[in-house]
Amino acid sequence: MDETIGVTEAAQIPKQRGEQLLDSAVRYAEERHWDVFPGTWLEAVEGRERCSCGAEACVSPGAHPARPDWSTQATGSAVGARRMWSKQPKASILLPTGRTFDAIEVPESAGFLALARMERMELTLGPVTCTPERRMFFFVLPGAATKVPDLVRKLGWAPASIDLTTRGEGYYVAAPPTRVGGHGAVQWARRPTPANRWLPDAEELISPLAYACGREAAAERARRA
């Protein structure tokens, strides 16, 4: 089974930041056949890092689409990816969801709890990212966005109440080593490897993910009480 970064190993994550954005974008297109497109980037302005979009209150500085037609700009061609990042080497790497994969988004604390449980259950896992905003994205087969809400409700939870969402068609996720503001870089909690080329269906992962999110949500409510 592919190595998973646990909570105790989080200090090792920054080693991945040395990867070049262009090389990573090309590799995602070439090796995983993922569509990629360049987003905004960070610029030094008066001693501070700001998003290239120019918005003072940008909610995702350096990690969101740079143009409204981003969905048509995305390419699965390694040649196309190399050309785009050659023009702007600092651009973030964004992956459109709903094409070759959907992504189930959960809080980081719940995500690591679910990962540990999934490994004990010997479930097949796809790649998983961990963001500086302390969110995790589990890559699953396309179509998850339409069925996950009902799957979660059948397990006894309302998706919004346990902070579990899914990104499908019309959305995107940031890929490593994209940096988000001054918070750090997106990292792999489980890297893409030949072993996880075939993604799991959302139904295979939703039970441990919902359980972990429900447990964390209950704990948070108890802390606030």
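The accessible surface of the protein is about 11400 Å² (Shrake-Rupley method, 1.4 Å probe). Carbon and sulfur atoms hold 51% of that surface. This is a predicted model: local features need pLDDT of at least 70, side-chain atom pairs count only at pLDDT 80 or more, and totals for chains, interfaces and linings use all residues. Residues are numbered from 1 along each chain as its sequence is written, and side-chain values use heavy atoms, with hydrogens and water left out.

**Overall build**

The protein has 6 helices and 10 strands. Both are DSSP runs numbered from the N terminus: helices are H or I with at least four residues, strands E with at least two. The radius of gyration, taken over C-alpha atoms, is 17 Å, close to the 17 Å of the globule rule (2.2 Å times the number of residues to the power 0.38) for 225 residues, so the protein is as compact as a globular protein of that length. The C-alpha trace spans about 50 × 40 × 35 Å along its principal axes.

Buried residues (under 20% relative accessible area, 1.4 Å probe, protein chains only) make up 50% of the 225 residues. Take the contacts (heavy atoms within 4.5 Å) between residues at least 6 apart in sequence: 79% of them join residues at least 24 apart.

Charges come next. Lys and Arg count as positive, Asp and Glu as negative; His and the chain ends are not counted. Each charge is placed at NZ of Lys, CZ of Arg, CG of Asp or CD of Glu. The mean positions of the 28 positive and 27 negative charges are 2 Å apart.

**Strand pairing**

Two strands pair if DSSP finds at least two bridges between them. An open sheet of 3 strands runs in the order β1-β4-β9, with antiparallel pairing. β1 (37-38) and β9 (172-174) are the edges; each has a single partner strand, so one side of each lacks a neighbour in the sheet.

| Antiparallel pair | Bridges | One bridge pair |
|---|---|---|
| β4 (residues 93-96) and β9 | 3 bridges | Leu 94 and Ala 174 |
| β2 (residues 42-45) and β3 (residues 48-51) | 4 bridges | Leu 42 and Cys 51 |

β2 and β3 form a hairpin with 2 residues between the strands. There, Glu 46 takes a positive phi near 55°.

**Helix α1**

Helix α1 covers residues 21-31. Its buried residues are Leu 21, Leu 22, Ser 24, Ala 25, Val 26, Tyr 28 and Ala 29. They pack against α3 (78-87), β4 and β10 (187-190). Just after α1, His 33 has a positive phi of about 60°.
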